Amino acid sequence: MKDEDPGKRLGNYLRARRELVSPAQAGLPPGGNRRVPGLRREEVALLAGISPDYYLRLERGRDRNPSPQVLESLARVLRLDDVERTYLLGLTAARPRAPRRKRPEHVPPRVHELLAHLQIPAFVEGRAFDVLASNPMAVALSPRLRPGQNRLRSLLLDPEEQAFHHDWAKATADFIAALRTTIGDDTDNPRFVELVGELALSSQRFRTLWARHDVRSLDGGTTTVHHPVVGELRLHRDKLPVDDVILVVYYPDKDSDSDEKLRLLAALSHTAPTATAHDSRADDPRPRTPDEHP
(Lines give C-alpha, C1' and ligand atoms only; values in the text may rest on other atoms or scores of the structure.)
Protein backbone atom coordinates (compact mmCIF):
# COMPACT_ATOMS: atom_id res chain seq x y z
CA MET A 1 0.00 0.00 0.00
CA LYS A 2 2.59 2.54 -1.17
CA ASP A 3 -0.05 5.25 -1.48
CA GLU A 4 -0.72 4.78 2.23
CA ASP A 5 2.66 6.18 3.34
CA PRO A 6 1.92 8.46 6.33
CA GLY A 7 3.47 11.42 4.53
CA LYS A 8 1.16 11.00 1.54
CA ARG A 9 -2.14 9.85 3.03
CA LEU A 10 -3.50 13.32 3.80
CA GLY A 11 -2.56 14.70 0.39
CA ASN A 12 -3.92 11.66 -1.45
CA TYR A 13 -7.21 11.91 0.41
CA LEU A 14 -7.62 15.65 -0.21
CA ARG A 15 -6.87 15.26 -3.91
CA ALA A 16 -9.26 12.31 -4.32
CA ARG A 17 -12.11 14.12 -2.58
CA ARG A 18 -11.43 17.40 -4.42
CA GLU A 19 -11.85 15.62 -7.74
CA LEU A 20 -15.31 14.40 -6.70
CA VAL A 21 -16.81 17.84 -5.93
CA SER A 22 -18.24 19.68 -8.93
CA PRO A 23 -18.05 23.48 -9.22
CA ALA A 24 -21.86 23.59 -9.08
CA GLN A 25 -21.86 21.72 -5.76
CA ALA A 26 -19.40 24.26 -4.39
CA GLY A 27 -21.46 27.20 -5.66
CA LEU A 28 -19.00 28.12 -8.41
CA PRO A 29 -19.62 28.72 -12.12
CA PRO A 30 -18.57 25.70 -14.20
CA GLY A 31 -16.16 27.69 -16.40
CA GLY A 32 -15.27 26.99 -20.00
CA ASN A 33 -11.92 25.21 -20.04
CA ARG A 34 -11.58 22.98 -17.01
CA ARG A 35 -8.76 20.48 -17.41
CA VAL A 36 -9.23 18.74 -14.06
CA PRO A 37 -12.19 16.78 -12.65
CA GLY A 38 -13.92 18.45 -9.76
CA LEU A 39 -12.47 21.57 -8.13
CA ARG A 40 -9.12 23.21 -8.78
CA ARG A 41 -6.65 23.48 -5.89
CA GLU A 42 -6.95 27.26 -5.79
CA GLU A 43 -10.75 26.99 -5.61
CA VAL A 44 -10.56 24.69 -2.60
CA ALA A 45 -8.11 27.06 -0.93
CA LEU A 46 -10.33 30.08 -1.61
CA LEU A 47 -13.46 28.40 -0.26
CA ALA A 48 -11.61 27.07 2.81
CA GLY A 49 -10.05 30.44 3.61
CA ILE A 50 -6.42 29.36 3.28
CA SER A 51 -3.69 30.35 0.85
CA PRO A 52 -3.24 28.37 -2.39
CA ASP A 53 0.42 27.78 -1.51
CA TYR A 54 -0.51 26.27 1.85
CA TYR A 55 -3.14 24.00 0.30
CA LEU A 56 -0.58 22.87 -2.30
CA ARG A 57 1.79 21.94 0.53
CA LEU A 58 -0.98 19.87 2.12
CA GLU A 59 -1.69 17.92 -1.07
CA ARG A 60 2.01 17.31 -1.65
CA GLY A 61 2.60 16.06 1.87
CA ARG A 62 4.85 18.95 2.89
CA ASP A 63 2.69 19.88 5.88
CA ARG A 64 1.51 16.81 7.77
CA ASN A 65 -0.02 18.51 10.78
CA PRO A 66 -2.56 21.19 9.82
CA SER A 67 -4.73 22.64 12.54
CA PRO A 68 -8.16 21.16 13.30
CA GLN A 69 -9.68 24.46 12.13
CA VAL A 70 -8.09 24.08 8.69
CA LEU A 71 -9.24 20.48 8.41
CA GLU A 72 -12.78 21.43 9.45
CA SER A 73 -12.85 24.10 6.73
CA LEU A 74 -11.60 21.62 4.14
CA ALA A 75 -14.20 19.07 5.26
CA ARG A 76 -16.91 21.65 4.67
CA VAL A 77 -15.64 22.59 1.21
CA LEU A 78 -15.20 18.96 0.19
CA ARG A 79 -18.73 18.14 1.42
CA LEU A 80 -17.57 15.36 3.73
CA ASP A 81 -20.08 13.47 5.86
CA ASP A 82 -19.43 12.61 9.52
CA VAL A 83 -17.48 9.43 8.78
CA GLU A 84 -15.35 11.12 6.10
CA ARG A 85 -14.75 14.15 8.33
CA THR A 86 -13.59 11.94 11.21
CA TYR A 87 -11.28 10.11 8.84
CA LEU A 88 -9.81 13.39 7.57
CA LEU A 89 -9.21 14.66 11.10
CA GLY A 90 -7.31 11.44 11.84
CA LEU A 91 -4.90 11.87 8.92
CA THR A 92 -2.41 14.01 10.84
CA ALA A 93 0.95 13.41 12.45
CA ALA A 94 -0.49 14.22 15.87
CA ARG A 95 -2.72 11.14 15.89
CA PRO A 96 -1.30 8.32 18.06
CA ARG A 97 -0.58 5.23 16.02
CA ALA A 98 -2.78 2.22 16.76
CA PRO A 99 -0.80 -0.68 18.23
CA ARG A 100 -0.16 -3.55 15.85
CA ARG A 101 -2.06 -6.71 16.64
CA LYS A 102 0.33 -9.40 17.78
CA ARG A 103 -1.97 -12.43 17.67
CA PRO A 104 -4.38 -13.91 15.13
CA GLU A 105 -8.02 -12.92 15.37
CA HIS A 106 -9.77 -15.37 17.67
CA VAL A 107 -13.42 -16.34 17.98
CA PRO A 108 -14.39 -16.71 21.67
CA PRO A 109 -15.81 -20.16 22.59
CA ARG A 110 -19.10 -18.59 23.71
CA VAL A 111 -19.59 -17.21 20.19
CA HIS A 112 -19.23 -20.69 18.72
CA GLU A 113 -21.98 -21.81 21.12
CA LEU A 114 -24.15 -18.87 20.07
CA LEU A 115 -23.68 -19.68 16.37
CA ALA A 116 -24.79 -23.26 16.99
CA HIS A 117 -28.08 -22.08 18.55
CA LEU A 118 -29.02 -19.33 16.10
CA GLN A 119 -31.62 -20.32 13.51
CA ILE A 120 -30.80 -17.43 11.17
CA PRO A 121 -27.69 -16.89 9.01
CA ALA A 122 -24.87 -15.81 11.31
CA PHE A 123 -21.10 -15.71 10.99
CA VAL A 124 -18.03 -14.06 12.48
CA GLU A 125 -15.74 -11.85 10.39
CA GLY A 126 -12.36 -10.25 11.04
CA ARG A 127 -11.19 -6.73 10.28
CA ALA A 128 -10.29 -7.63 6.68
CA PHE A 129 -13.64 -9.39 6.03
CA ASP A 130 -12.17 -12.86 6.57
CA VAL A 131 -14.88 -15.34 7.61
CA LEU A 132 -13.66 -16.87 10.87
CA ALA A 133 -16.71 -18.94 11.86
CA SER A 134 -20.24 -19.53 10.56
CA ASN A 135 -23.37 -21.56 11.21
CA PRO A 136 -25.12 -23.89 8.71
CA MET A 137 -27.74 -21.26 7.84
CA ALA A 138 -25.02 -18.82 6.78
CA VAL A 139 -23.47 -21.44 4.50
CA ALA A 140 -26.92 -22.33 3.15
CA LEU A 141 -27.45 -18.65 2.35
CA SER A 142 -24.09 -18.42 0.59
CA PRO A 143 -21.27 -21.02 0.32
CA ARG A 144 -18.88 -18.05 0.30
CA LEU A 145 -19.65 -17.62 4.01
CA ARG A 146 -17.68 -20.74 4.91
CA PRO A 147 -14.73 -20.19 7.27
CA GLY A 148 -11.56 -19.43 5.38
CA GLN A 149 -13.30 -17.34 2.72
CA ASN A 150 -12.82 -13.59 2.39
CA ARG A 151 -16.04 -11.67 1.73
CA LEU A 152 -14.46 -8.86 -0.29
CA ARG A 153 -12.42 -11.22 -2.45
CA SER A 154 -15.53 -13.29 -3.14
CA LEU A 155 -17.55 -10.17 -3.95
CA LEU A 156 -15.00 -8.95 -6.49
CA LEU A 157 -13.74 -12.19 -8.04
CA ASP A 158 -16.46 -14.85 -7.72
CA PRO A 159 -19.15 -14.68 -10.45
CA GLU A 160 -21.65 -16.51 -8.22
CA GLU A 161 -21.22 -13.93 -5.48
CA GLN A 162 -21.59 -11.12 -8.00
CA ALA A 163 -24.92 -12.61 -9.15
CA PHE A 164 -25.97 -13.13 -5.53
CA HIS A 165 -26.12 -9.39 -4.81
CA HIS A 166 -29.06 -7.41 -6.17
CA ASP A 167 -26.91 -4.25 -6.31
CA TRP A 168 -23.37 -5.47 -6.88
CA ALA A 169 -22.03 -2.01 -7.70
CA LYS A 170 -23.23 -0.56 -4.38
CA ALA A 171 -22.03 -3.60 -2.44
CA THR A 172 -18.49 -3.31 -3.82
CA ALA A 173 -18.38 0.44 -3.19
CA ASP A 174 -19.58 -0.05 0.40
CA PHE A 175 -17.16 -2.89 1.17
CA ILE A 176 -14.09 -1.16 -0.26
CA ALA A 177 -14.88 2.11 1.53
CA ALA A 178 -15.41 0.18 4.77
CA LEU A 179 -12.07 -1.58 4.32
CA ARG A 180 -10.25 1.74 3.98
CA THR A 181 -12.01 3.00 7.11
CA THR A 182 -11.02 -0.12 9.03
CA ILE A 183 -7.39 0.05 7.92
CA GLY A 184 -7.04 3.62 9.17
CA ASP A 185 -3.38 4.14 10.00
CA ASP A 186 -2.67 0.42 10.38
CA THR A 187 -1.21 0.44 6.89
CA ASP A 188 1.65 -1.99 7.55
CA ASN A 189 -0.61 -4.72 8.92
CA PRO A 190 0.46 -7.83 6.92
CA ARG A 191 -3.11 -9.03 6.35
CA PHE A 192 -4.24 -5.68 4.97
CA VAL A 193 -1.14 -5.37 2.79
CA GLU A 194 -1.72 -8.88 1.41
CA LEU A 195 -5.42 -8.35 0.67
CA VAL A 196 -5.07 -4.91 -0.90
CA GLY A 197 -2.14 -6.10 -3.00
CA GLU A 198 -4.01 -9.18 -4.22
CA LEU A 199 -7.15 -7.27 -5.16
CA ALA A 200 -5.24 -4.40 -6.76
CA LEU A 201 -3.63 -6.93 -9.11
CA SER A 202 -6.74 -8.97 -9.88
CA SER A 203 -9.68 -6.52 -9.93
CA GLN A 204 -10.13 -3.37 -12.00
CA ARG A 205 -13.22 -2.57 -9.94
CA PHE A 206 -11.10 -2.57 -6.78
CA ARG A 207 -8.42 -0.34 -8.33
CA THR A 208 -11.03 2.18 -9.47
CA LEU A 209 -12.82 2.40 -6.13
CA TRP A 210 -9.64 2.28 -4.02
CA ALA A 211 -8.33 5.32 -5.88
CA ARG A 212 -11.42 7.31 -4.80
CA HIS A 213 -10.36 7.10 -1.13
CA ASP A 214 -13.98 6.68 -0.03
CA VAL A 215 -14.50 5.88 3.64
CA ARG A 216 -17.71 4.49 5.08
CA SER A 217 -19.07 2.50 7.99
CA LEU A 218 -20.62 -0.83 7.04
CA ASP A 219 -22.83 -1.61 10.01
CA GLY A 220 -26.55 -2.30 10.08
CA GLY A 221 -28.73 -2.11 7.01
CA THR A 222 -31.04 -3.96 4.66
CA THR A 223 -29.97 -5.84 1.55
CA THR A 224 -31.59 -7.83 -1.23
CA VAL A 225 -29.93 -11.01 -2.50
CA HIS A 226 -30.79 -13.59 -5.15
CA HIS A 227 -30.51 -17.12 -3.77
CA PRO A 228 -30.20 -19.79 -6.51
CA VAL A 229 -32.74 -22.09 -4.80
CA VAL A 230 -35.32 -19.98 -2.94
CA GLY A 231 -35.09 -16.80 -5.02
CA GLU A 232 -35.03 -13.19 -3.88
CA LEU A 233 -34.55 -12.48 -0.17
CA ARG A 234 -34.82 -9.12 1.58
CA LEU A 235 -32.76 -9.34 4.76
CA HIS A 236 -31.72 -7.00 7.55
CA ARG A 237 -28.07 -7.03 8.62
CA ASP A 238 -26.67 -6.29 12.06
CA LYS A 239 -22.99 -6.27 13.04
CA LEU A 240 -22.21 -6.83 16.70
CA PRO A 241 -18.64 -6.40 18.03
CA VAL A 242 -17.42 -9.25 20.24
CA ASP A 243 -13.90 -8.71 21.60
CA ASP A 244 -11.81 -7.98 18.47
CA VAL A 245 -14.10 -9.70 15.93
CA ILE A 246 -17.58 -8.98 14.54
CA LEU A 247 -20.69 -11.17 14.77
CA VAL A 248 -22.87 -10.64 11.67
CA VAL A 249 -26.50 -11.77 11.55
CA TYR A 250 -29.04 -11.66 8.71
CA TYR A 251 -32.76 -11.87 9.37
CA PRO A 252 -36.03 -11.09 7.52
CA ASP A 253 -39.14 -9.26 8.64
CA LYS A 254 -41.33 -11.64 10.62
CA ASP A 255 -44.00 -13.44 8.56
CA SER A 256 -42.74 -11.85 5.36
CA ASP A 257 -42.18 -13.62 2.06
CA SER A 258 -38.45 -13.64 2.83
CA ASP A 259 -39.17 -15.16 6.24
CA GLU A 260 -41.03 -18.03 4.57
CA LYS A 261 -38.23 -18.55 2.06
CA LEU A 262 -35.61 -18.56 4.80
CA ARG A 263 -37.59 -21.24 6.65
CA LEU A 264 -37.66 -23.28 3.46
CA LEU A 265 -33.91 -22.84 3.12
CA ALA A 266 -33.47 -24.02 6.70
CA ALA A 267 -35.53 -27.13 5.98
CA LEU A 268 -33.52 -27.87 2.86
CA SER A 269 -30.24 -27.52 4.74
CA HIS A 270 -31.41 -29.43 7.83
CA THR A 271 -28.96 -32.24 7.20
CA ALA A 272 -25.96 -29.88 6.97
CA PRO A 273 -23.16 -30.23 9.57
CA THR A 274 -23.27 -28.23 12.77
CA ALA A 275 -21.56 -24.86 13.16
CA THR A 276 -18.17 -24.59 11.55
CA ALA A 277 -15.22 -22.58 12.78
CA HIS A 278 -11.85 -21.37 11.65
CA ASP A 279 -9.70 -19.00 13.71
CA SER A 280 -7.01 -18.25 11.14
CA ARG A 281 -7.20 -17.44 7.46
CA ALA A 282 -7.09 -20.44 5.14
CA ASP A 283 -6.07 -20.26 1.51
CA ASP A 284 -8.97 -20.32 -0.91
CA PRO A 285 -8.35 -23.40 -3.08
CA ARG A 286 -10.57 -22.24 -5.94
CA PRO A 287 -9.03 -20.57 -8.99
CA ARG A 288 -9.30 -16.81 -8.86
CA THR A 289 -10.82 -15.22 -11.95
CA PRO A 290 -10.46 -11.45 -12.34
CA ASP A 291 -13.80 -9.69 -12.36
CA GLU A 292 -15.14 -8.57 -15.70
CA HIS A 293 -16.65 -5.32 -14.53
CA PRO A 294 -15.16 -1.99 -15.54
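Among contacts in the protein chain between residues at least 6 apart in sequence, what percentage join residues at least 24 apart? The figure is 60%, and it is worth keeping in mind while moving through this predicted model.

**The whole chain**

Start with the entire protein chain in cartoon view, where the secondary structure comes to 13 helices and six strands. If you then colour the 294 residues by burial, 48% of them count as buried.

**The largest nonpolar core**

Select next L14, I50, L58, L74 and L88, which touch the most other members among the 24 residues of the largest nonpolar core. To see where this core is drawn from, display α1 (6-18), α2 (41-48), α3 (52-59), α4 (68-77) and α5 (82-90), each of which supplies at least two of its residues, with α4 giving the most, five residues. Centre the view on L14 and, leaving aside its neighbours within four places in sequence, you will find it in contact with Y55, L58, E59, L74, L78 and L88.

A second core, separate from the one just visited, has 22 residues, and L152, L155, L179 and V196 are included in it. As background for both stops, nonpolar side chains in soluble globular proteins tend to be buried together.

**Down the axis of α3**

Turn now to α3 and show the side chains of Y54, Y55, L58 and E59, which are buried. Why do these residues lie on the same side of α3? They cover an arc of only 140° around the axis, and therefore share that side of the helix. The general geometry is helpful here: an α-helix has 3.6 residues a turn, so residues three or four places apart point the same way. Following the chain onward from α3 brings you to G61, whose phi is positive, near 75°.

**A glycine between two strands**

Select G126, in the loop that lies between β1 (122-125) and β2 (131-134). Is G126 buried or exposed? With a relative accessible area of 5%, G126 is buried, because the cut-off for that class is under 20%. Setting aside residues up to four places away in sequence, G126 touches E105 and L132. A distance label drawn from the C-alpha atom of G126 to that of V107, 19 residues away along the chain, should read 9.3 Å.

**The second largest pocket**

Show H165, A171, T222, T223 and R237 as sticks; of the 26 residues that line the second largest pocket, these lie nearest its centre. The space in this pocket is about 460 Å³. Its lining takes at least two residues from each of α8 (151-157), α9 (159-164), α10 (168-183), β3 (221-227) and β4 (231-242), and the largest share, five residues, comes from β3. Coloured by residue class, the lining divides into ten nonpolar, nine polar and seven charged residues.

**The cavity beside α10**

Finish with the one cavity of 30 Å³ or more that the structure holds, which contains about 40 Å³ of space. Select A173, I176, A177, R180, L209, W210 and D214 to display its lining. The elements that give two or more residues to this lining are α10 and α12 (204-210), and α10 contributes the largest share, four residues. By class, the lining of the cavity comprises five nonpolar, no polar and two charged residues. With α10 still selected, the tour can be retraced to the second largest pocket, whose lining also takes at least two residues from this helix.

Notes:
Residues numbered from 1 in each chain as written. Predicted model: local features only at pLDDT ≥ 70, side-chain atom pairs only at ≥ 80, totals over all residues. Heavy atoms only, no water. 1 Å grid on protein atoms, 1.4 Å probe; cavity = no way out; pocket = protein on both sides within 12 Å on 5 of 7 lines; lining within 4 Å. Points joined across faces, edges and corners; volume = space filled by probe spheres on them. Nonpolar A, V, L, I, M, F, W, Y, C, P; charged D, E, K, R; others polar. Core = buried A, V, L, I, M, F, W, Y, C linked by side-chain atoms within 4.5 Å. Buried < 20%, exposed > 50% of the residue type's maximum accessible area, 1.4 Å probe, protein only. Contact = heavy atoms within 4.5 Å. Arc of directions from axis to C-beta.
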